[in-house]
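Here is a short, friendly tour of the structure shown below. We will go from its overall build to a few residues worth a look.

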Amino acid sequence: MMEYLMVAGILLACVSILAVFLYTFKEHGGRILDLAASEFP
């Protein structure tokens, strides 16, 4: 039973870290896309 709880906790931590990364990249994603689009003709 302890193994299942540890795996569930690790998965929850990974999902929360990914959610934070996606949120920050979504915040700054518009500027990055604008910069990338301005360099292409």
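Helices here are DSSP runs of H or I with at least four residues, numbered from the N terminus. F25 is a residue of one such run, helix α1. Please keep in mind that the model is predicted.

**Overall build**

The inventory is quickly made: the protein has 1 helix and 0 strands. Along the principal axes, its C-alpha atoms take up a box of roughly 60 × 15 × 5 Å. The accessible surface amounts to about 4100 Å², and carbon and sulfur atoms account for 79% of that area. Of the 41 residues in the protein, 2% are buried.

**Helix α1**

Helix α1 covers residues 2-39. How far apart should the ends of its 38 residues be? At 1.5 Å a residue the expected span is 56 Å, and the end C-alpha atoms lie 53 Å apart, so the two values agree. The helix does have a kink of about 50 degrees, and this kink is centred on H28.

Is α1 largely in the open or largely covered? The number of its 38 residues that are buried is 1, so α1 lies largely in the open. For this count, buried means under 20% relative accessible area.

**Three residues in the helix**

The same scale can be applied to single residues: exposed means over 50% relative accessible area, and partly exposed falls between the two cut-offs. M6, C14 and F25 all belong to helix α1.

| Residue | Relative accessible area | Class |
|---|---|---|
| M6 | 51% | exposed |
| C14 | 40% | partly exposed |
| F25 | 56% | exposed |

Because its value of 51% is over 50%, M6 counts as exposed. C14, at 40%, lies between 20% and 50%, so this residue is partly exposed. F25 passes the upper cut-off with 56% and therefore is exposed.

**Distances along the chain**

Two pairs give a feel for the spacing. C14 and G29 are 15 residues apart along the chain, with 21 Å between their C-alpha atoms. For F25 and A36, the sequence separation is 11 residues and the C-alpha distance is 15 Å.

**A nonpolar patch**

M6 also has company on the surface. Together with M1, M2, Y4 and L5, M6 forms a nonpolar patch there. The accessible area of these residues together is about 670 Å².

Key:
Residues numbered from 1 in each chain as written. Predicted model: local features only at pLDDT ≥ 70, side-chain atom pairs only at ≥ 80, totals over all residues. Heavy atoms only, no water. Patch = residues over 30% accessible without salt bridge, like charges linked within 9 Å, V, L, I, M, F, W, Y side chains within 5 Å. Areas by Shrake-Rupley, 256 points an atom, 1.4 Å probe, with all protein chains shown as cover. Salt bridge = Lys/Arg side-chain N within 4 Å of Asp/Glu carboxyl O. Helix = DSSP H or I, 4+ residues; strand = E, 2+ residues; numbered from the N terminus. Buried < 20%, exposed > 50% of the residue type's maximum accessible area, 1.4 Å probe, protein only. Expected span 1.5 Å × (residues − 1). Bend = angle between axes of the 7 residues up to and from the residue.
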